[in-house]
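Work through the exercises below with the structure in view. Try each task before reading its solution.

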Amino acid sequence: MGLLDELKERILIADGAMGTLLYSHGIDRCFEELNLSNPDEIVHIHEAYIAAGADVIQTNTYGANYVKLARYGLEDEVPAINRAAVRLARQAANGRAYVLGTIGGLRTLNKSVVTLEEVKRTFREQLFVLLAEGVDGVLLETYYDLEELETVLAIARKETDLPIIAHVSLHEVGVLQDGTPLADALARLEALGADVVGLNCRLGPYHMLRSLEEVPLPKQAFLSAYPNASLPDYRDGRLVYETNAEYFEETAKAFRDQGVRLIGGCCGTTPKHIAAMAKALSDRTPVTEKTVKRRAVSVSVQADRPAPSPLPELARTRRSVIVELDPPKKLGIDKFLAGAKALHDAGIDALTLADNSLATPRISNAAVATIIKERLGVRPLVHITCRDRNLIGLQSHLMGLHTLGITDVLAITGDPSKIGDFPGATSVYDLSSFDLIRLIRQFNEGLSYSGKPLGQKTNFSIGAAFNPNVRHLDKAVERMEKKIQCGAHYFLTQPIYSEEKIVEVHEATKHLDTPIYIGIMPLVSARNADFLHHEVPGITLSDEIRARMAACSGDPVQAAKEGIAIAKSLIDAAFDLFNGIYLITPFLRYDMTVELVRYIHEKEAAAKERKVVHG
């Protein structure tokens, strides 16, 4: 009788954590490598779980893939480590338990760190070794990213007829981190050919049971659950799980009532926990019917605050000008407010506020944005970098901006800390700019990163950065297209200092419906021009422009005039190709930007007048 045949008739008990026991034994290195260097330890743990009542054990291969083993310099040992793992599990089972070949998920918070192509490649390498060694089934576990799990499940189903168990992991009760309800996710996995679907890791029995209350019995597959022992505590540099085995004995029957037919343990569980569940489920009789609870999720749309037309809509329908004015590096904002007012009076659509540009501390752009919005009626566009805040801080920041009524944001990676005033500071980068765009889009759907309802839907207009100052513009456009897929509504470019480049950008992006604001920053001196060209990433100046600025060296008034003249010629080049103009103010010289704003409006008025005369 095979694994699936047994699951039709009775509940099976699986094993618990491998890493928890190894960690408790003082081992704090690559656990999978122990398949080669300390095989007796691995066999002993397998045997302990079988003695505790496990009918199913898993190979010690959760992280035995190229990506994770590379952290230890063991990427070339993938085949050997996986082969050894199966043989050790087979030796321990000795016909007394089924052996599942385990493959863990790769993607965590930052999806962009591991591409789907890399997921496929490393998954196939591990899968083929496990299948060749003769496992009784495949266990796909700890997948927070449903896209990744669906991808590898499709590969596994194509390659084998063996039983496949597919486990998602949740941050919140009943919902995946992308907002997909657990019941829908498991149904999708069943449709892709998973024989057993369920949950493992992150949640203890209490929250895992609450999640399963919303899941109906599958039509063809079986349900499984591998809960953590509890939420971990952090003591003296070590993670400690508190839940005692008796609690698992109490909850085992509740898992059975939810339709679970394969039950084991994950982080923090030991043979004592497995023995407790085996004792509670000694008769192993499964349920064939259950009542499903429906959880009501309330997400409202705030309608009490009038919102201005989104910036991308402005750029689609008329000339739109936004200006960047960086918050001050020092305390005191009088000069900044004077500049913001002058720009507002000149007729800009929004004032963009950098988020500690060039990794240099400035007054919080959220604070400044609130002040100019409330005091001056200026529309703020707040930049958000991935550099300074972890995933918790980013979500808190977004909730704060929404609460303040600030709806325009620009999602960017952020310059690394090492180029700024404090090169020893930590760059966080929990998320990439692509992930941050996805996160903001998810907020607009009323869901946090973990999939938890926020109670309200935000209404962020999502801007993204585009750097056209690259050797291969087609690659930069591909990044644009990926950001659009992630949820970007419009783009702001790095400063462009070439009329030819503006035309080139238009030709490369004219197939896109997403508005682009062309970045233009007036130069103030020859030294400024040389610094931008040689030392600021993403900015390139032509030899002609540098020569024009060099000719004004030593004459700051003439240099400023020349910088404005260059900027006006760039505006002329962009005028008939792009509705959006993004002016970047240098060194708080808002007088220069005001002149350029007025120049744009004068050109627009003249163009309209010509249109009336001729038409």
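**Exercise 1. A lysine and its surroundings**

Which residues does K483 touch, not counting residues up to four places away in sequence? Find also the element that holds K483 and state whether K483 is buried or exposed.

Solution. Note before starting that the model is predicted.

Step 1. Locate the residue: K483 sits in helix α18, residues 473-486.

Step 2. List the contacts. Without residues up to four places away in sequence, K483 touches S433, F434, I437, A464, A465, A488 and F491.

Step 3. Classify the residue. Buried means under 20% relative accessible area. K483 has 6% relative accessibility and therefore counts as buried.

Step 4. Compare sequence and space. K483 and E118 are 365 residues apart along the chain, and their C-alpha atoms are separated by 20 Å.

**Exercise 2. The closed sheet**

Give the order of the strands that close into a barrel, then follow the pairing from β14 to β18.

Solution.

Step 1. Eight strands form the barrel, in the order β12-β13-β14-β15-β17-β18-β19-β20, with parallel pairing. On average, neighbouring strands of this sheet are turned by 25° against each other, direction ignored.

Step 2. Start at β14 (residues 380-385), which is joined to β15 by five bridges. T385 has I412 as its bridge partner in β15.

Step 3. Move on to β17. Strand β15 (residues 408-412) runs parallel to β17, and four bridges join the two. The partner of L410 in this pairing is G463 of β17.

Step 4. Go one strand further. Four bridges link β17 with β18 (residues 490-495), again in the parallel sense. Here A465 is matched with L492 in β18.

Step 5. Check how covered β17 is. Strand β17 (residues 461-466) is largely enclosed by the rest of the structure, because five of its six residues are buried.

Step 6. Add the helix outside the pairing list. Helix α17 (residues 433-444) lies across β14, β15 and β17, and runs at about 150° to β15.

**Exercise 3. The open sheet**

Name the strand order of the open sheet and its edge strands, then describe how strand β5 is covered.

Solution.

Step 1. The open sheet has eight strands in the order β1-β10-β7-β6-β5-β4-β3-β2, and the pairing is parallel.

Step 2. The edges are β1 (12-13) and β2 (56-58), each of which pairs on one side only.

Step 3. Look at one edge. β2 is joined to β3 (residues 98-104) by three bridges, and the two run parallel. V56 has Y98 as its bridge partner in β3.

Step 4. Turn to β5 (residues 164-168), where five of the five residues are buried. In a regular strand the side chains alternate between the two faces of the sheet. For β5, I164, A166 and V168 are buried on one side, and I165 and H167 are buried on the other.

Step 5. Add a neighbour. Strand β4 (residues 137-143) pairs with β5 over four bridges in the parallel sense. L140 is matched with A166 in β5.

**Exercise 4. Two helices**

What is the angle between α4 and α6, and how far apart are their axes? Classify the packing from the angle.

Solution.

Step 1. Helix α4 (residues 39-52) packs against helix α6 (residues 78-93) at about 45°, and their axes are 9 Å apart.

Step 2. Angles under 35 degrees count as roughly parallel, and 65 to 115 as roughly perpendicular. The two helices α4 and α6 are therefore oblique to each other.

Step 3. The crossing of α4 and α6 is right-handed.

Step 4. At the contact, P39, I42, V43, H46, E47 and I50 of α4 meet L88, A89, Q91, A92 and A93 of α6.

**Exercise 5. The nonpolar cores**

How many residues are in the largest nonpolar core, and which have the most contacts inside it?

Solution.

Step 1. The largest nonpolar core has 99 residues, and L351 and L583 have the most contacts inside it. Helix α22 (residues 556-575) gives the largest share of this core, ten residues.

Step 2. A second, separate core has 71 residues, including V119, F123, I164 and A194.

Step 3. Return to L351. Beyond its neighbours within four places in sequence, the contacts of L351 include V323, L325, F336 and I372.

Methods
Residues numbered from 1 in each chain as written. Predicted model: local features only at pLDDT ≥ 70, side-chain atom pairs only at ≥ 80, totals over all residues. Heavy atoms only, no water. Core = buried A, V, L, I, M, F, W, Y, C linked by side-chain atoms within 4.5 Å. Buried < 20%, exposed > 50% of the residue type's maximum accessible area, 1.4 Å probe, protein only. Contact = heavy atoms within 4.5 Å. Pairing = 2+ DSSP bridges. Axes fitted to C-alpha atoms, helices over the stretch in contact; angles between N-to-C directions. Parallel < 35°, antiparallel > 145°, perpendicular 65-115°, else oblique. Left-handed = near helix turned anticlockwise from the far one by under 90°.
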